[in-house]
Amino acid sequence: MRATSFKMKGTALFLCSALLAAGCGGQQGGNQGGDTAAPPPVKKKDPYEMSIYAPGVSAKEFDDRWRKTLEAKFPHITFKYTTSGQGNSIAELVSRGEIPDLYRLDIPTIRTNYLDMGLAYDLRDLIKQYKYDMNRFNKVFTQEIIDVIGSGEVYGLPVPPYFPQVLYYNKDLFDKFGVPYPKDGMTLDEVYELAKKMSRSDGGTIYRGLSANTMAFMRDNPMSLPILDPKVDGLSGMDKWKGLFETLKRFYDIPNNQIAKTVADENNAFSKGNVAMQINQHNIYLIIPPEVNWDIVSAPLINGAPKMMGQRGPAYWAITNQSKHKEEAFEVMMEMLSDEIQMQDSKNGIPTTLVKKEIIDALGKDHPVYGTKNMKALTTLPPIPATPKRAPGLVDIALGTQQNTMSGQFQKVATNQMDINSALREADELLKKAIAAEKEKQGKK
């Protein structure tokens with residue numbers, strides 16, 4: 001037994017001598033001319049909690065899209081996720097001292113819910129530090145968050161989804177009345193002719209030819225026509241808005257195609273099953289009952305407008321100025337916007353904010369519903385640039401206020417409570433009052 005042990009020790013010593021250049025005892029990459037230091041040990045990162053706040057995004061959606069990847073990539077970070085709800089507005093979080101590290105911004109409320117609260121943090125230094133490629137994103141989206149402020153800061157990176165406009169149609173109704181389905185690339189005039197054919201009374205039931213998400217149609221119009229004038233206080237382009245109102249109003253003048261009583265009811269009309277078509281957003285949060293046999297085609301084109309797709313831009317991941325973990329918050333943000341995560345998003349029907357073709361082309365492939373639909377309707381036309389923003393130095397008002405004003409005024413027109421000229425003059429007055437109130441709030445003349 002002792003002889004055997006000696007032989008084994010001798011063999012080990014021989015191998016160690018023979019392989020000295022490679023470093024006996026586990027050292028790697030030796031230098032025959034002298035000693036080589038072992039690589040420094042990886043410093044273990046101290047654990048801490050990172051707070052993420054995303055209004056409108058459920059905890060389940062956060063978990064499904066991001067949590068597993070983030071916990072594997074950043075094992076030392078505990079991710080505390082909060083969404084909006086009773087008691088959890090950003091104002092309430094700030095008042096409690098629960099300011100998040102990462103915050104999902106929305107363009108309509110970026111001023112009131114981010115800048116005005118002193119939360120804003122410019123990402124340009126971190127983008128430069130990490131040599132982050134901003135060309136990954138569709139420039140339409142990265143430019144909007146710069147333009148909305150107008151002074152050059154980059155307050156966020158675009159996170160899917162964005163909400164492109166499409167034309168939904170009820171296949172069963174077209175089959176019932178023997179009318180060919182809509183097609184990609186149709187004009188609004190062609191859709192109007194279809195709407196006239198499909199608006200009818202049959203067996204005591206009213207079938208409407210077309211409804212619309214009127215708020216989205218006005219706000220995300222295919223001419224990039226702004227609501228608030230970029231250079232002066234008041235409504236932008238009164239004549240152009242008159243043309244847009246007339247373009248949509250004629251659909252509601254078709255017999256048997258009366259608009260619903262409220263903006264919200266009109267938006268939900270297609271889901272009732274007796275509306276043949278609807279201009280609306282592709283929206284993963286839009287629930288159409290399974291009994292409605294629907295599909296989509298590209299958004300109808302308007303004469304004189306660019307051959308582009310109206311769209312509601314994405315939200316943006318942002319970092320708060322109060323965060324004590326800005327660098328790692330940026331790393332977390334980069335991970336949530338990675339090609340891998342956006343590819344899975346796209347397969348699940350969530351339109352990507354990236355320009356990579358294979359990710360765009362994967363849209364809806366793995367989704368049980370979208371996988372059966374004409375998802376190419378979303379990529380037939382490129383997204384139109386966001387509407388022009390207010391000139392630097394001019395007082396702005398929240399986009400939410402602007403869009404509610406215009407959809408409300410159109411509702412009055414479509415229900416014949418007011419003629420178009422009067423409705424637009426009133427819209428101009430309402431916008432000016434909102435600007436005056438904002439000036440007073442800011443102490444400006």
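In the predicted model, helix α2, formed by residues 59-73, lies across strands β1, β2, β4 and β11. Its direction makes an angle of about 170° with that of β2. Helix α12 (residues 326-336) also lies across strands, namely β1, β2, β3, β4 and β11. The angle between α12 and β11 is about 155°.

The strands crossed by these helices belong to an open sheet of 5 strands with mixed pairing, arranged in the order β2-β1-β3-β11-β4. Strands β2 (77-82) and β4 (157-159) each have a single partner strand and stand at the edges, so one side of each has no neighbour in the sheet. On average, neighbouring strands of the sheet are turned by 30° against each other, direction ignored. Within the sheet, β1 (residues 48-53) pairs with β3 (residues 102-105) in the parallel sense, over 2 bridges. In this part of the sheet, Ile52 stands opposite Leu102 of β3.

A second packing arrangement involves helix α10, which spans residues 238-252, and helix α15, which spans residues 399-414. The two helices pack at an angle of about 50°, and their axes are 10 Å apart. Angles from 35 to 65 degrees fall between the roughly parallel and roughly perpendicular ranges, and α10 and α15 are therefore oblique to each other. The crossing of α10 past α15 is right-handed. On the α10 side, the contact is made by Trp241, Phe245, Leu248, Lys249 and Tyr252. On the α15 side, Met406, Gln409, Phe410, Val413 and Ala414 take part.

Ala305 is located in the loop between β9 (294-298) and β10 (311-312). The relative accessible area of Ala305 is 14%, and the residue therefore counts as buried, the limit being under 20%. Leaving aside residues up to four places away in sequence, Ala305 touches Pro222 and Met223. Pro222 is 83 residues from Ala305 along the chain, yet the C-alpha atoms of the two residues are separated by 6.2 Å.

For the chain overall, there are 16 helices and 11 strands. Of the 445 residues, 47% are buried. Among contacts between residues at least 6 apart in sequence, 76% join residues at least 24 apart. The accessible surface of the chain comes to about 22,200 Å², and carbon and sulfur atoms account for 52% of this area.

Technical notes: Residues numbered from 1 in each chain as written. Predicted model: local features only at pLDDT ≥ 70, side-chain atom pairs only at ≥ 80, totals over all residues. Heavy atoms only, no water. Helix = DSSP H or I, 4+ residues; strand = E, 2+ residues; numbered from the N terminus. Buried < 20%, exposed > 50% of the residue type's maximum accessible area, 1.4 Å probe, protein only. Contact = heavy atoms within 4.5 Å. Areas by Shrake-Rupley, 256 points an atom, 1.4 Å probe, with all protein chains shown as cover. Pairing = 2+ DSSP bridges. Axes fitted to C-alpha atoms, helices over the stretch in contact; angles between N-to-C directions. Parallel < 35°, antiparallel > 145°, perpendicular 65-115°, else oblique. Left-handed = near helix turned anticlockwise from the far one by under 90°.
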